[in-house]
Amino acid sequence: MIEAYLIHLLILVGIYSVLAVSLNLALGNTGLMNMGHIAFFGIGAYTSVIFTKDLGVPFFAAFLIAGLLTSVFGFILVYATRKLRGDYLALATLGFSFVIYSLMLNWSSVTRGPLGIPGISKPCFFGLCIANNLQYLIFVLIISAISIAIMYIIVNSSFGKLLAATRDDDIGLRALGKNTFMLKSKALMISAFFAGIAGSLFAHYITYIDPSSFMLSEVILIFTIVIVGGIASIKGSIVSTFLIILIPELLRFLNIPSSVLGPARQIIYALILLVIVLWRPKGLFGKIDLE
Amino acid sequence: MNKKFDKNFWYVFGTSVGIIVVAVLIVMMIVDLSTTKGLTGQVIKNKDSIKLGLITPLTGDAASFGQAELDATNIAIDEINSKGGVNGRLLQLIPEDGRCNGRDATSAAQKLINIDKVRIILGGACSGETLAIAPISEPSKIILFAAFSSSPKISDAGEYIFRNSPTDNDWAPIMAETLTKQGYKKVAVVTENTDYAMGVRDIFKVKFKELGGTIVADEVYSQGSKDFRTQILKVKDGNPDVIFVNPQDDVSGALLAKQLRELGVNTPFYSAFFLSSPKAIELAGSAVEGATYLDVRDLSTNAGKALIEEYKREKGTPVSEFIIGANYDRVYIIKGALEKCSEDTTCIKNYLYTIKNYEGVIGTYGFKSNGDMDTVFLSMKRIVNGTSIVLE
């Protein structure tokens, strides 16, 4: 049935839209070039799985713990990189994603290392378990709607204006007596929290995780979503998630000769992205250029 | 002025690229709608064919294996179709890119099952793909048939899941037994940190200790490492009788072997499959002379030799003869099942479990009650004068 396939894709869109909007909160709204966002996604996924599978914690608790623990990592990252900005910050946060990747790979007593964790259970609430993908879709939609709404409110609050000011004129804001380090750490912790719960949703949906799901290539994927959608635009990130997740799926329906199938799809995909970015250099709904 | 020109240029460029893309897509769709051509150029009608899905990495790091799977599968399907197909119906292969990860593999599986309505999926290749597809295919009673995944976890992933390739559980005990038989008591293990190699290591350690041996050093290096001095010094400290070099890929294995010898470790070493690669032997040179390794068997059956000849003619040198053979066999096993059961997967499942002495190109085998193959096609080989010879 076509519905089952669409439901599957919508679940992915739901999960990735939370991930993209949360990255946009740090990258677009606060100007933190955070290449370590995929590490937050991974920490969330592993935390949630380890807590439910090994420690027997109920799903919803593990789900929140995943978000909170990731948030703590967000603070650690922002504290460690507090003196860096721009390209240097990008490199340091990229380093962070490699550190987390190595941790997942080498701490095998907890993460099972490269073997990954198979057979992750679907979420259960007070004895009621999610039995099929339609229910999971509803669950994901509720969570992502709440998450995106919270981030929307944050961005449009006075706190959000301060974040934008941090991005545009850090020194000016400090001259006005604002603690920009606190602002940045709050922004990154919020961003990390939502990336963490997105990771939890992802792990319990795919039911199998291994470190390679949280590698460098995935950083590029979520950066693509944010940049195509437009920096600092929540609407843009959501629309772009649809495009970035669904275009490769549409390409599955082109019957390309099988000898060039894989590369040909990738090339067409890249061309489409290129056209979009050339057509709207600031992204679909972007208003700001990042330096 | 200049800037304006630039802007115009990019708009024109962008639009033209867009037009080209759209044009290409339309042409492809028209070609696709009218006919689907097999490799032999024979026209297959879309209607009334039996669809088989294939999920394997067609892009990314593991793409060379995925492409080999696809090519071998296509050879078998073309042969069957040119002889009239199965019960008068032609086979139609729908390949999908699983990219060696769970997310893309699940998307591919959802598409194959729900849109193309395939009842049989060949794949996945990487264990991560197979383990992620299993929870989707099993409840819908879809046959999932892997020819490359080695994770032991797949054995109990479901009733409708089969494979005709050796698992980590097959490799490791044979290695441990061989070493014990040769009289080695103290072994040093150096492993690459990847799913296959770590799986072998875990099982090997348990088995070797069971047989009365001791592990004097157990070192792990990260994927793609080029420098192994730390690990080698620890191996030296342990003073082993024998070293088990356990890499995932040929380059790191060859470099490791080379550095072992350069740092004066002259202990004999054993390894698994990587030395079958000519590249490894070339890289390591005299360092691997006399090394013994466990490998999947070459295709020694007549049909197997003919297949490899054909593959070389059409596609070039195969990455592994065994992968080609296993993929080719997989299609013929499914063909047998389809002849008997049509697309009734419960019937196919029961039929596959009854197969005991199937004569395929990789040898004669059947399936165990967990869907794994019941015969293990592994053999010991040794490097002598720069070429590998089969020991037993």
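# A guided tour of chains A and B

Begin by selecting chain B, which contains 12 helices and 16 strands. The model on display is predicted. Of the 392 residues in chain B, 47% are buried. Among contacts in this chain between residues at least 6 apart in sequence, 65% link residues at least 24 apart.

**The sheet of chain B**

Next, select the open sheet of chain B, in which 7 strands follow the order β9-β8-β10-β11-β12-β15-β16 with mixed pairing. Look to its two edges, where β9 (214-221) and β16 (387-390) of chain B stand; each has a single partner strand, so one side of each is left without a neighbour in the sheet. On average, and ignoring direction, neighbouring strands here are turned by 25° against each other.

Now narrow the selection to residues 186-192 and 242-246 of chain B. These are strands β8 and β10, which pair in the parallel sense over 5 bridges. To see one particular pairing, display B:Thr191, whose bridge partner in β10(B) is B:Asn246.

**Helices against the sheet**

Keep the sheet visible and add residues 195-210 of chain B. This is helix α6, which packs on the sheet and touches β8, β9, β10 and β11 (269-272) of chain B. The direction of α6(B) makes about 165° with that of β8(B).

Then add residues 229-238 of chain B, which form helix α7. This helix lies across β8, β9 and β10 of chain B and runs at about 175° to β9(B).

A further helix to select is α5, residues 168-181 of chain B. Its 14 residues reach 20 Å from the first C-alpha to the last, close to the 20 Å expected at 1.5 Å a residue. Which residues of α5(B) are buried? They are B:Asp168, B:Asp170, B:Trp171, B:Ala172, B:Met175, B:Ala176 and B:Leu179. The elements covering them include β8, α6, β10, β11, β12 (292-296) and β15 (378-384) of chain B. Just after α5(B), pause at B:Gly183, which takes a positive phi of about 90°.

**Chain A**

Turn now to chain A, whose secondary structure comes to 12 helices and 2 strands. Along the sequence, the pattern is α-α-α-α-α-β-β-α-α-α-α-α-α-α. The radius of gyration of chain A is 19 Å, close to the 19 Å that the globule rule gives for 291 residues, so this chain is as compact as a globular protein of that length. Along its principal axes, the C-alpha trace of chain A spans about 60 × 45 × 35 Å. Buried residues account for 51% of the 291 residues of chain A.

Within this chain, select helix α11, residues 234-251. The helix has 18 residues and reaches 26 Å from its first C-alpha to its last, close to the 26 Å expected at 1.5 Å a residue. Its buried residues are A:Ile234, A:Gly236, A:Ser237, A:Ile238, A:Ser240, A:Thr241, A:Ile244 and A:Ile245. To view what covers these residues, add elements including α1, α6 (133-156) and α10 (216-229) of chain A.

**Where the chains meet**

Finally, display both chains together: 36 residues of chain A are in contact with 37 residues of chain B. On the chain A side, the elements that give two or more residues are α1 (2-29), α4 (86-106) and α12 (261-279). Which of the elements gives the largest share of that side? Helix α12(A) does, with 12 residues. Coloured by class, the side of chain A that touches chain B shows 21 nonpolar, 11 polar and 4 charged residues.

Terms used: Residues are numbered from 1 along each chain as its sequence is written. Chains are lettered from A and ligands numbered from 1 in the order in which they are written. This is a predicted model: local features need pLDDT of at least 70, side-chain atom pairs count only at pLDDT 80 or more; totals for chains, interfaces and linings use all residues. Two residues are in contact if their C-beta atoms, placed from the backbone, lie within 7 Å. Helices (H or I, at least four residues) and strands (E, at least two) are DSSP runs, numbered from the N terminus. Ala, Val, Leu, Ile, Met, Phe, Trp, Tyr, Cys and Pro count as nonpolar, Asp, Glu, Lys and Arg as charged, and the others, Gly among them, as polar. Two strands pair if DSSP finds at least two bridges between them. Axes are lines fitted to C-alpha atoms, for helices over the stretch in contact, and angles run from 0 to 180 degrees between N-to-C directions. The radius of gyration is taken over C-alpha atoms; the globule rule is 2.2 Å times the number of residues to the power 0.38. A residue is buried if 20 or more other C-beta atoms lie within 10 Å of its own, exposed if 12 or fewer, and partly exposed in between; C-beta atoms are placed from the backbone. The expected span of a helix is 1.5 Å times one less than its number of residues.
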